[in-house]
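Colleague: I would like a close look at one part of this model. Please take me through a single helix contact, step by step.

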Amino acid sequence: MRKEDKSALVSTLKETVSQYSHFYVTDASGLNAERTSLLRRNCAKNEVKLMVVKNTLFKKALEELEGDYSQLNDTLKGSTAIMFCNNANAPARLIKDMQKDKANGGKPELKAAYVQECFYIGADQLDALIAVKSKEQLLGEIIGMLQSPMQNVLSALQSGGNTIHGVLKTLGERAE
């Protein structure tokens with residue numbers, strides 16, 4: 001590969017990393033053509049961009065970005081496929097679902113992940129990544145918790161109004 005081609009690939013990788021807020025480093029080697037096509041279809045369905053990269057070029061792209069990605073250097077060995085996404089746990093769920101199928105031979109395998117500015121190293125982090133909630137989900141839960149006391153007050157006031165109305169109506173009927 002020519003030096004110009006490598007630098008173009010590095011700049012493409014840098015741009016892709018900048019576009020997405022999360023990425024997963026995986027090993028998808030050993031999947032046959034049918035299983036690889038299935039993985040690519042599932043990625044597209046879940047808005048995950050899958051790229052097979054050369055480790056040295058990806059490492060170089062990460063070095064040229066702001067921030068310290070050196071924790072990932074040990075995972076960039078062997079066959080590497082990167083899953084880029086904006087939904088923090090979509091690739092983790094996809095990997096877990098693919099691994100359930102025995103025909104895939106436990107692939108794709110998680111090597112590492114960069115999610116919400118944190119590093120997750122090793123395949124044993126998959127369940128933790130599945131449990132990660134997105135910023136939108138957390139905001140929704142907080143808003144729900146803030147609205148709950150207000151809803152209780154409103155329903156108490158409304159039921160209290162019905163009770164007072166019932167008492168007044170009964171008193172009015174007795175007076176007649």
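Modeller: Here is a walk through the contact of H1 with H3. Keep in mind that the model is predicted. Start with the two elements. Helix H1 covers residues 3–19, and helix H3 covers residues 55–64. Their axes come within 9 Å of each other. They cross at roughly 60°. Angles from 65 to 115 degrees count as roughly perpendicular, and those under 35 as roughly parallel, so this crossing falls in neither group and H1 is oblique to H3. The crossing also has a hand: H1 passes H3 in a right-handed way.

Now find the residues that meet. On the H1 side, look for Lys6, Leu9, Val10, Leu13, Lys14 and Val17. On the H3 side, pick out Leu57, Phe58, Lys60, Ala61, Leu62 and Glu64. What classes do the residues of this contact divide into? Eight are nonpolar and four are charged. No polar residue takes part. Leu9 and Val10 of H1 are among the nonpolar ones, as are Leu57 and Phe58 of H3. The charged ones include Lys6 in H1 and Glu64 in H3.

Terms used:
Residues are numbered from 1 along each chain as its sequence is written. This is a predicted model: local features need pLDDT of at least 70, side-chain atom pairs count only at pLDDT 80 or more; totals for chains, interfaces and linings use all residues. Side-chain values use heavy atoms; hydrogens and water are left out. Axes are lines fitted to C-alpha atoms, for helices over the stretch in contact, and angles run from 0 to 180 degrees between N-to-C directions. Helices (H or I, at least four residues) and strands (E, at least two) are DSSP runs, numbered from the N terminus. Angles under 35 degrees count as roughly parallel, over 145 as roughly antiparallel, 65 to 115 as roughly perpendicular and the rest as oblique. A crossing is left-handed if the near helix is turned anticlockwise from the far one by less than a right angle, and right-handed if clockwise. Contact means heavy atoms within 4.5 Å.
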